[in-house]
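Reader: I have not seen this structure before, and I would like to go through it with you. Could we begin with one residue and work outwards?

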Amino acid sequence: METFRSHFPLAILAGICIAIGGVVYLRIGGIGGAILFAFGLTTVVYYGLKLYTGTAGFIRSRGDWGMLTIVLLGNIVGCLCAALCIRYASPDCIEKAGSILSLRIEKGALACFILAIGCGFIMTTAVEFARRGKMLPLLLGVPVFILCGFTHSIADAFYFLTAPADLLLQPVVIGIYVSEVIGNFIGCNLYRWIRPKGATLPSL
């Protein structure tokens, strides 16, 4: 219960921050939107909020799985709150979000899973640098994963929940989203699984 009280509110705020990045991307798109999306992640890191893709690569114990689940759920709730506000106040974003969801549906779960691995790897790398006081990889990592077409499960939670209901309610969307969550987790942990045990990161 203590973990829920301490992590869930921070996870909701993190979801809202990522949603803000999602809004600017829907508005601008392209390279400019990808660069400005980085505001969401830098805010998460600066305030010490709890983001699924910023946490999944750093869990170490069995008890961390419950915490990671709480973070994921909180992120989704934050995205839902933001999506409801945007659907009401800026309905022109609905169709643009629907275009992203349609693209994910066209690609299918397997492709989204593979693309999510790339995103997870970039996110853990960027957060690792940020934890050591190096923010440039964080600012570069976000536009890199967006322009590569890699899928971010929390950003997509916002896009999906903002998209038209007839797209969102298709059964295939659940499978696609779960594949992204799993793919992000694998990508977030690639560096830890591949590097030799006991190896330390070089000083920066």
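**A conversation about the chain**

Author: Let us start with R104, which is buried, with a relative accessible area of 10%. Please keep in mind throughout that this is a predicted model.

Reader: Which residues form salt bridges with R104?

Author: One partner is D156, with the closest N and O atoms 2.7 Å apart. The pair links distant parts of the chain, since D156 lies in helix α8 and R104 in helix α5, 52 residues apart. R104 also forms a salt bridge with E180, where the closest N and O atoms are 3.6 Å apart. E180 belongs to helix α10 and R104 to helix α5, so this pair ties together parts that are 76 residues apart in sequence. Salt bridges that share partners thus join R104, D156 and E180 into one network.

Reader: And D156, is that buried or exposed?

Author: D156 counts as buried, at 1% relative accessibility. Both R104 and E180 are buried as well.

Reader: How many salt bridges does the structure hold?

Author: The structure holds three. Besides those of R104 with D156 and with E180, D92 forms a salt bridge with R27, the closest N and O atoms being 2.5 Å apart. D92 is in helix α5 and R27 in helix α1, so the pair ties together parts that are 65 residues apart in sequence.

Reader: How accessible are D92 and R27?

Author: D92 is partly exposed, with a relative accessible area of 37%. R27 also counts as partly exposed, at 40% relative accessibility.

Reader: Let me change topic. What helices and strands does the chain have?

Author: It has 10 helices and zero strands. Read along the sequence, the pattern is α-α-α-α-α-α-α-α-α-α.

Reader: Why would one call the overall size that of a compact globule?

Author: A compact globule of 204 residues would have a radius of gyration near 17 Å, and the chain has 16 Å, which agrees. Along its principal axes, the C-alpha trace spans about 50 × 40 × 30 Å. Among contacts with a separation of 6 or more, 79% are between residues 24 or more positions apart.

Reader: What about the inside, then?

Author: Of the 204 residues, 50% count as buried. The largest nonpolar core has 53 residues, and Y52, V142, I154, F158 and Y159 touch the most other members. Several helices each supply at least two residues of this core, including α1 (2-28), α5 (92-107) and α8 (153-162). The largest share, eight residues, comes from α4.

Reader: Which residues does V142 touch?

Author: Leaving aside residues up to four places away in sequence, V142 touches A34, F37, A38, L41 and M123.

Reader: And the outside, what is there?

Author: The chain exposes about 10000 Å², and carbon and sulfur atoms supply 71% of that area. A nonpolar surface patch of about 360 Å² is made by L136, L139, L140 and V144. L139 lies in helix α7 (residues 136-147) and is partly exposed, with a relative accessible area of 40%.

Reader: One last residue: where is I174?

Author: I174 is in helix α10 (residues 172-194). At 60% relative accessibility, I174 counts as exposed. Its C-alpha atom is separated by 9.2 Å from that of A109, although I174 and A109 are 65 residues apart along the chain.

Notes:
Residues numbered from 1 in each chain as written. Predicted model: local features only at pLDDT ≥ 70, side-chain atom pairs only at ≥ 80, totals over all residues. Heavy atoms only, no water. Patch = residues over 30% accessible without salt bridge, like charges linked within 9 Å, V, L, I, M, F, W, Y side chains within 5 Å. Areas by Shrake-Rupley, 256 points an atom, 1.4 Å probe, with all protein chains shown as cover. Salt bridge = Lys/Arg side-chain N within 4 Å of Asp/Glu carboxyl O. Helix = DSSP H or I, 4+ residues; strand = E, 2+ residues; numbered from the N terminus. Buried < 20%, exposed > 50% of the residue type's maximum accessible area, 1.4 Å probe, protein only. Rg over C-alpha atoms; globule rule 2.2 N^0.38 Å. Contact = heavy atoms within 4.5 Å. Core = buried A, V, L, I, M, F, W, Y, C linked by side-chain atoms within 4.5 Å.
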